[in-house]
Amino acid sequence: MMFADFQTGGPMWTGEGPREVRHAIRFDAPFLQTPAVLVGISLWDSDRRTNLRADLTAENITPEGFDVVFRTWGDTRLARIRADWTAIGAVRDENDWLLD
């Protein structure tokens with residue numbers, strides 16, 4: 001869950017203007033090189049009386065992890081957002097020593 005601001009009266013639910021939520025994701029094991037990262041919204045709970053504005057992105061991608069970032073602006077009121085991600089890239093294998 002990126003946030004659940006309706007429960008606490010947080011800024012995504014009560015605020016206006018530019019707002020941002022950022023979560024650091026660390027991979028269980030590092031990739032050999034910087035992976036490709038895909039992010040998507042898997043739950044979207046909003047107020048029906050305001051315009052929906054959203055930007056979901058992966059930033060600061062490294063072989064060890066990345067930041068998933070959700071932004072909105074204007075009068076958009078969001079109760080909660082859940083984001084999912086997939087990272088694709090080469091990882092170490094137990095047989096890698098055979099290639100050295």
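Q: What area does the chain expose, and what share of it do carbon and sulfur atoms supply?
A: The chain exposes about 6,400 Å², and carbon and sulfur atoms supply 49% of it. Accessible areas come from the Shrake-Rupley method with a 1.4 Å probe, and for residues only the protein chains shown count as cover.

Q: What kind of model is this?
A: It is a predicted model, in which local features need pLDDT of at least 70, side-chain atom pairs count only at pLDDT 80 or more, and totals for chains, interfaces and linings use all residues. Residues are numbered from 1 along each chain as its sequence is written, and side-chain values use heavy atoms, with hydrogens and water left out.

Q: How many helices and strands are there, and in what order do they run?
A: The chain has two helices and six strands, running β-α-α-β-β-β-β-β from the N terminus. Both are DSSP runs numbered from the N terminus: helices are H or I with at least four residues, strands E with at least two.

Q: What box do the C-alpha atoms fill?
A: Along the principal axes, the box is roughly 60 × 20 × 15 Å.

Q: Changing topic, what is the phi of asparagine 60?
A: Phi of asparagine 60 is near 55°, a positive value in a residue other than glycine. Most residues other than glycine have a negative phi.

Q: Where does asparagine 60 lie, and is it buried or exposed?
A: Asparagine 60 lies in strand 4, residues 55–62. Asparagine 60 counts as exposed because its relative accessibility is 53% (buried means under 20% relative accessible area, exposed over 50%, partly exposed in between, with a 1.4 Å probe and protein chains only).

Q: What percentage of the chain is buried?
A: Of the 100 residues in the chain, 34% are buried.
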